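Reader: I am new to this structure and should be grateful for a guided account of it. May I put some questions as I look?

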Amino acid sequence: MSDLTIVFRSLAVRRFSTAVVVALVAISAGLLLAILSLRTAGERAFERGTGNAHLLVSRDGSPLVSVLNGLFYANPPKAPIEAAKLKELRESFPWAMFVPTAIGDSYRNFPVIATTPEFFTKFEPVLGEPWKFAEGRAFDKNFEVVIGSTVARETRMPIGSKIVFTHGSHMSREDGGPKIEPHVHEEYAFTVVGILEPTGAPHDRALFCSLESSWVMHAHDRFEREGKHKLVTVEDLEEQDRVVTGILMRLPSREASSAPPALVSQYDRLRRDPSITAAIPANEVQRLFGIVASLDVLFIAMAAATLVSSAVAILLSMLNSMGERRRQVAILRVLGASRARIFWLVLTESTLVGLVGAVAGVAICIVVLFAATQWMLGAHGIVIAPQLDPRSAVIVAMGTTVLAAIAGIVPSVLAYRTSVARNLRPLG
Amino acid sequence: MRYSLRPMQPNAQTHPALEIERLSFAYGPGDRGGFELALPSLTLGRGEEMLLVGKSGCGKSTLLQLVSGLLDPTSGSIRIGGTDIAALRGAARDRFRGRHIGMVFQTFNLLQGFSARENVLVALLMSDVPKSDWAARAESLLRSLGIEQLDARAEELSVGQQQRVAIARALACRPTLVLADEPTASLDPENAVNAIRVLRDACREQGAALLVVSHDPALESHFARIERLASLSAHATAGAAR
């Protein structure tokens with residue numbers, strides 16, 4: 001028997017209202033914690049997804065859209081970069097990495113990225129973490145395809161599988177540009193030659209093939225439109241077919257993680273070219289978080305308000321039970337409990353409700369994070385690891401407990417002032 | 001608020017369990033009318049039993065609340081084992097009450113949601129009995145009073161069992177004085193006789209003095225010493241029943 005036993009019994013007597021209030025506190029704390037954790041995890045996921053590219057060039061409308069489309073595969077890029085421009089850009093600087101990509105096809109709603117073999121040797125999906133193959137190898141011939149880990153998991157395709165791509169994709173074009181009606185390239189079957197290890201970036205839900213394979217498929221469409229019915233090969237490709245939608249660039253640098261001094265000047269040079277859009281992916285991700293920051297604050301404020309309202313619920317619940325509590329207080333006083341002890345017993349009760357609610361809130365947060373992770377992956381292809389930030393968890397749990405304690409002050413004072421004589425009636 | 005950490009006088013065995021001298025208490029008039037109680041003298045020796053009778057509203061319960069330090073007298077002294085409880089303040093008075101006075105109520109006032117054992121343990125929690133002795137003391141007290149369902153919640157026990165748990169709780173801290181306020185008022189005549197016998201036996205066994213207040217004349221045959229509050233009081237008026 002201890003004072004804590006008295007507190008537990010008191011809560012158990014009012015188990016229904018206690019459970020409701022604990023649930024309310026838990027939901028509020030869990031929600032606040034989930035928002036804080038998702039914000040951190042989301043930021044980390046976006047930063048992770050930019051890989052080791054210093055620059056990204058496309059013909060999208062803005063640098064941010066360019067990064068969202070070119071690295072996060074949000075939508076197919078708006079317009080292609082012609083072969084001449086590609087050549088001009090390649091020769092404009094001694095790039096350490098110059099990897100063109102063409103995005104526009106899909107396989108079962110997963111985007112197909114046509115690129116060069118350097119994509120697997122020079123581009124790192126996450127800075128400092130090169131590609132790793134779970135099975136197989138990178139493509140070295142046309143009509144070979146490498147699949148991301150999520151694609152492999154969801155399609156269960158083994159090495160050697162034959163697949164055909166859909167030209168256009170499920171991703172609708174919302175820019176008012178010419179819409180490509182999705183159609184299947186049944187003429188060209190691709191063979192799966194490699195399965196990638198998970199990267200925690202959107203690349204996990206993409207497929208990768210050679211640029212020439214993609215060009216051949218699209219040239220075939222052009223031939224069809226021109227009334228030439230034949231199976232197009234690499235030899236049939238013309239200059240107009242050799243287009244890309246983005247270029248991942250890296251400048252020579254001594255340290256892998258630091259930005260080279262020439263980055264700013266090269267970025268400025270590319271930015272002045274009106275025919276292309278240049279972006280520094282890391283900066284664009286930061287800008288994106290800057291844009292959503294105010295919305296973020298609003299969400300946090302709403303969650304915090306919910307937490308405060310749960311503290312009010314603790315107060316009301318304890319005030320509602322004051323009638324019954326006064327009798328208990330009177331009995332304890334008769335048995336020798338001082339007013340101060342009664343005050344602390346009631347305060348401990350409300351604090352305990354806050355503490356249990358906060359701990360349950362952490363559990364709820366873990367569930368919410370897991371659900372949000374699955375949703376973000378399924379709906380947007382953004383991989384967010386379900387990580388609970390321990391610092392946020394401690395702050396929210398402590399804040400919740402302190403709020404609950406504050407809510408318990410009024411009932412504690414009322415209990416402190418309870419008249420023993422009046423509350424032990426009938427006395428005869 | 002003035003706190004005194006120790007009783008002002010030693011609780012020596014030589015002092016009577018209860019000594020009241022020139023006690024007066026008044027409150028009101030208020031909207032319920034005034035109330036005055038005056039008691040020139042009352043003494044109860046150690047281990048002695050006394051039945052205090054009087055009509056409803058004559059101030060019996062008020063007297064018990066004064067003796068237990070739940071109310072402050074207007075003047076006079078109330079000494080329990082030689083310590084003037086009215087002179088103690090705050091936590092010191094609460095602690096003194098918990099350690100030296102046991103109380104049994106008409107409605108038992110057991111803590112709901114607590115087991116029979118826990119109801120006794122709560123009293124020990126407030127006492128200076130070593131923690132290592134709590135479990136054994138609670139169990140032996142309850143068993144000596146015929147309670148075998150030690151872990152049954154208070155509300156699950158019969159009225160008679162609740163009464164006995166209340167008695168065990170009152171005696172848990174080996175009090176100098178046990179105050180019983182209409183202890184049989186909730187019981188039928190047969191159970192009332194049993195209850196008063198159990199209460200007297202238990203107090204005798206524990207060496208505690210027993211002061212029972214009641215308006216039930218049937219209890220008078222069980223006590224050698226019976227006092228009437230009206231005859232004790234120099235001036236007792238009840239403008240309103242308390």
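**Questions on a two-chain model**

Author: As a starting point, B:N109 is placed in the loop between strand 6 and helix 3 (116-125) of chain B. The model is a predicted one.

Reader: Is B:N109 buried or exposed?

Author: A residue counts as buried if 20 or more other C-beta atoms lie within 10 Å of its own. For B:N109 there are 24 other C-beta atoms within 10 Å, so B:N109 is buried.

Reader: What is the phi of B:N109?

Author: Most residues other than glycine have a negative phi. B:N109 is a residue other than glycine with a positive value, and its phi is near 50°.

Reader: Where is A:R156 found, and is A:R156 buried or exposed?

Author: A:R156 is found in the loop between helix 6 (149-155) and strand 6 (162-163) of chain A. Although A:R156 is not a glycine, its phi is positive, about 55°. A residue is exposed if 12 or fewer other C-beta atoms lie within 10 Å of its own. A:R156 has 8 such atoms, so A:R156 is exposed.

Reader: How many helices and strands are there in each chain?

Author: Chain A, of 428 residues, has 44% of them counted as buried, and in chain B buried residues make up 50% of 242. Chain A contains 14 helices and 12 strands. For chain B the numbers are 7 helices and 10 strands.

Reader: Among contacts in chain B between residues at least 6 apart in sequence, what percentage join residues at least 24 apart?

Author: In chain A, residues 24 or more positions apart account for 79% of the contacts with a separation of 6 or more. For chain B, the share of such contacts that join residues at least 24 apart is 76%.

Reader: Which strands of the open sheet in chain B stand at the edges, and why is one side of each left without a neighbour?

Author: The open sheet has 5 strands in the order 6-7-8-3-9, with parallel pairing. An edge strand here has a single partner strand, so one side of it is left without a neighbour in the sheet. The strands at the edges are strand 6 (101-104) and strand 9 (226-228) of chain B.

Reader: Which residue stands opposite B:V53 in strand 9 of chain B?

Author: Strand 3 (residues 49-53) and strand 9 of chain B pair in the parallel sense over 3 bridges. Opposite B:V53 in strand 9 of chain B stands B:R228.

Reader: Which helix of chain B packs on the sheet?

Author: The helix touches strand 3, strand 6, strand 7 (177-181) and strand 8 (209-214) of chain B. Its direction makes about 155° with that of strand 8 of chain B. The element asked for is helix 6 (residues 189-206) of chain B.

Reader: How many bridges join strand 1 of chain B to strand 2 of chain B?

Author: Strand 1 (residues 18-27) of chain B runs antiparallel to strand 4 (residues 75-80) of chain B, with 5 bridges between them; in this pairing B:L18 stands opposite B:I80. Strand 1 of chain B also runs antiparallel to strand 2 (residues 35-44) of chain B, where B:E19 has B:T43 as its bridge partner. The bridges joining strand 1 to strand 2 of chain B number 9.

Reader: Which residues does B:L63 contact, leaving aside its neighbours within four places in sequence?

Author: B:L63 lies in helix 1 (residues 60-67) of chain B, and B:L63 counts as buried because 29 C-beta neighbours are inside 10 Å. With those sequence neighbours left aside, the contacts of B:L63 are B:L37 and B:L229.

Reader: Which helix gives the most to the largest nonpolar core?

Author: The largest nonpolar core has 127 residues, and those with the most contacts inside it are B:A168, B:L171, B:L177, B:V178 and B:L211. The element that gives the most to this core, with 14 residues, is helix 11 (339-380) of chain A.

Reader: Why are helix 3 and helix 9 of chain A called roughly perpendicular?

Author: Helix 3 (residues 63-70) and helix 9 (residues 281-320) of chain A pack with their axes 9 Å apart, at an angle of about 105°. Angles of 65 to 115 degrees count as roughly perpendicular. The two helices of chain A, helix 3 and helix 9, are therefore roughly perpendicular to each other.

Notes. Residues numbered from 1 in each chain as written. Chains lettered and ligands numbered in written order. Predicted model: local features only at pLDDT ≥ 70, side-chain atom pairs only at ≥ 80, totals over all residues. Core = buried A, V, L, I, M, F, W, Y, C linked by C-beta atoms within 7 Å. Helix = DSSP H or I, 4+ residues; strand = E, 2+ residues; numbered from the N terminus. Axes fitted to C-alpha atoms, helices over the stretch in contact; angles between N-to-C directions. Parallel < 35°, antiparallel > 145°, perpendicular 65-115°, else oblique. Contact = placed C-beta atoms within 7 Å. Pairing = 2+ DSSP bridges.
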